[in-house]
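Hi everyone, thanks for coming. I'd like to walk you through one protein model today, so please have the picture open and follow along with me.

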Amino acid sequence: MFLDKEFPAEDKSLGALETSKEGVEWKRLEAHRAVGDEKPPTMKLFEGHIEAKDVCQGALGDCWLLSAIACMTEFHGAIQQIFYSHKANPRGKYYVELFDIQAGKWVTIVVDDLFPHKNGKLMFSQPNGDEEWVLILEKAFAKLCGSYHAIEGGLVLWAFQAMTGDAVCSYVCGMFTTGEHLLDDAMYTLLVKLKHNGCVVGAGSRGKDNTISEGRGKTGGIVPGHAYSIIDAKHVENFRLVKLRNPWGTFEWDGDWGDKSELWATHKHVAWACGWKKDAPDDGTFWMSWEDFVKYFDGLDVCFRTQGMRELQFEVAEECGACGPFVGGLYGIGRFFCLCQGLYKMWCVRKGTEEELEDFEKGTLKASDIKSHV
């Protein structure tokens with residue numbers, strides 16, 4: 001089994017965490033999930049489709065990173081292209097490619113699959129089922145930055161650029177008192193166009209996050225100083241709605257248009273257009289009005305993602321065992337030819353450069369959309 005000597009399974013890789021390091025054990029996931037004398041389940045790199053629900057934050061303050069990762073799961077091929085291999089490595093050795101912004105080039109990060117446990121439980125991000133890609137990607141970022149502690153607190157924009165190498169930008173809501181900011185109406189129009197154009201979008205809530213010292217709490221709401229993923233934006237009837245996701249995988253907005261809101265029952269067309277379900281699970285995903293959004297959030301973090309042939313990635317259906325590569329190949333051929341994904345990605349190309357981003361802004365925003373406060 002591979003052991004990463006550059007980022008060893010020791011306290012120095014954890015860094016100066018606020019939580020105690022006493023009793024920390026580094027284990028591979030298969031050993032951790034073994035029950036009694038039963039054979040442990042075989043871990044997979046990817047299991048089924050890559051979804052936002054695969055991302056679940058643990059006891060590390062890296063919501064900015066996990067929110068950015070959850071945003072990337074919306075786009076087919078975006079996560080797979082970060083990994084050299086698309087199936088679990090029997091030696092526990094993984095290659096992750098990230099863009100080093102300071103060096104201005106792509107770098108290869110090699111990590112093993114040993115993860116810190118405490119009291120028999122994983123300390124940081126949690127796996128969804130038997131797949132481990134989120135934990136490996138989180139560890140690769142920790143190694144790039146020097147330790148797990150080094151990724152407690154960060155910028156969503158930096159995570160976007162590290163995973164794509166593309167242009168990023170931030171738009172600020174008009175509720176601030178100094179500087180230049182977009183008007184609320186212009187911001188919503190921009191958000192709808194960004195999502196329509198396949199951009200990756202996140203949002204940061206106002207305030208300071210005291211989760212580590214005060215806990216997560218038991219009631220719903222918007223966590224202060226927390227990073228969220230923006231999944232969708234819809235203007236239905238006279239309502240401007242935004243769909244967000246908390247990287248905790250739980251703890252949702254409990255106001256108007258939340259999962260339990262009575263507004264869905266009284267506006268059935270809106271519920272149908274947004275795909276709302278009465279028995280929606282507490283999975284961290286929720287809707288809220290744009291008016292409430294600008295009260296609780298600072299603005300938008302955007303990655304102007306490159307689109308083209310590189311989005312087409314070979315998927316190994318590991319859940320199918322030895323037949324996985326064959327099944328994955330059939331899926332890929334079906335998408336490429338029958339669904340015309342090959343021609344579409346070949347001709348509908350967009351590069352995520354600063355110049356392309358500037359052209360998009362010129363075609364979307366007007367001078368009157370920007371408000372200057374003194």
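Let's start with a single pair of residues: Lys243 stands opposite Trp287 in β11. Before we build on that, please remember that this is a predicted model.

So what surrounds that pair? Strands β10 and β11 run antiparallel to each other, and five bridges join them. If pairing is new to you, here is the short version: strands of a sheet pair through backbone hydrogen bonds, either parallel or antiparallel. On to the next neighbour, β9, residues 227-236, which is joined to β10, residues 239-245, by seven bridges, again antiparallel. Lys243 turns up here too, as the bridge partner of Asp232.

Now zoom out to the sheet. It is an open sheet of six strands, and the order is β6-β12-β8-β9-β10-β11, with antiparallel pairing. At the edges sit β6 (167-172) and β11 (285-289), each of which pairs on one side only. From one strand to the next, the twist averages 35 degrees.

Here's a question for you: is the edge strand β11 enclosed or open, judging by its buried residues? Five of the five residues of β11 are buried, so the strand is largely enclosed by the rest of the structure. To see how that works, recall that in a regular strand the side chains alternate between the two faces of the sheet. In β11, Thr285, Trp287 and Ser289 are on one side, Phe286 and Met288 are on the other, and all of them are buried. Both faces of β11 are covered, then.

What lies across this sheet? Helix α3, residues 63-72, lies across β8 (200-204), β9 and β10, and runs at about 45 degrees to β9. Helix α13, residues 354-364, lies across β6 and β12 (299-304), at about 35 degrees to β6.

Let's stay with α3 for a moment. An α-helix has 3.6 residues a turn, so residues three or four places apart point the same way. You might wonder how many residues of α3 are buried. The count is 10 of the 10, so α3 is largely enclosed by the rest of the structure. Among them are Cys63, Trp64, Leu65 and Met72. What do they pack against? The buried residues of α3 pack against α4, α5 (156-164), β8, β9 and β10.

One of those partners, α5, is mostly covered as well, with eight of its nine residues buried. Val156, Leu157 and Phe160 are included in that group. Right after α5 comes Gly165, which has a positive phi, near 75 degrees.

Next, a pocket that brings several of these pieces together. The second largest pocket has a volume of about 470 Å³. Which elements give two or more residues to its lining? They are α3, β9, β10 and β11, and β11 gives the most, with three residues. In total 22 residues line this pocket, and those nearest its centre are Ile231, Lys243, Pro281, Asp283 and Thr285. So we meet Lys243 again. By type, the lining divides into 10 nonpolar, four polar and eight charged residues.

Now for the other sheet I'd like to show you. This one is open too, with three strands in the order β1-β4-β5 and antiparallel pairing. Its edge strands are β1 (24-28) and β5 (121-122), each pairing on one side only. Between β4 and β5 there are two bridges, and His117 stands opposite Leu122 in β5. Helix α4 packs on this sheet, where it touches β1, β4 and β5, and its direction makes about 100 degrees with that of β4.

This region also leads us to a cavity. A search of the whole structure finds one cavity of 30 Å³ or more, and the space in it is about 50 Å³. The elements that give two or more residues to its lining are β4 (114-118) and α4 (133-145). Among the lining residues are Phe115, Leu122, Leu135, Glu138 and Tyr148. Overall, the lining has seven nonpolar residues, one polar and one charged.

Finally, the view from a distance. The chain has 374 residues, and 49% of them count as buried. Its secondary structure comes to 13 helices and 13 strands. And of the contacts between residues at least 6 apart in sequence, 72% join residues at least 24 apart.

That's my tour. Thanks for listening, and I'm happy to take questions!

Note on methods: Residues numbered from 1 in each chain as written. Predicted model: local features only at pLDDT ≥ 70, side-chain atom pairs only at ≥ 80, totals over all residues. Heavy atoms only, no water. 1 Å grid on protein atoms, 1.4 Å probe; cavity = no way out; pocket = protein on both sides within 12 Å on 5 of 7 lines; lining within 4 Å. Points joined across faces, edges and corners; volume = space filled by probe spheres on them. Helix = DSSP H or I, 4+ residues; strand = E, 2+ residues; numbered from the N terminus. Nonpolar A, V, L, I, M, F, W, Y, C, P; charged D, E, K, R; others polar. Pairing = 2+ DSSP bridges. Axes fitted to C-alpha atoms, helices over the stretch in contact; angles between N-to-C directions. Contact = heavy atoms within 4.5 Å. Buried < 20%, exposed > 50% of the residue type's maximum accessible area, 1.4 Å probe, protein only.
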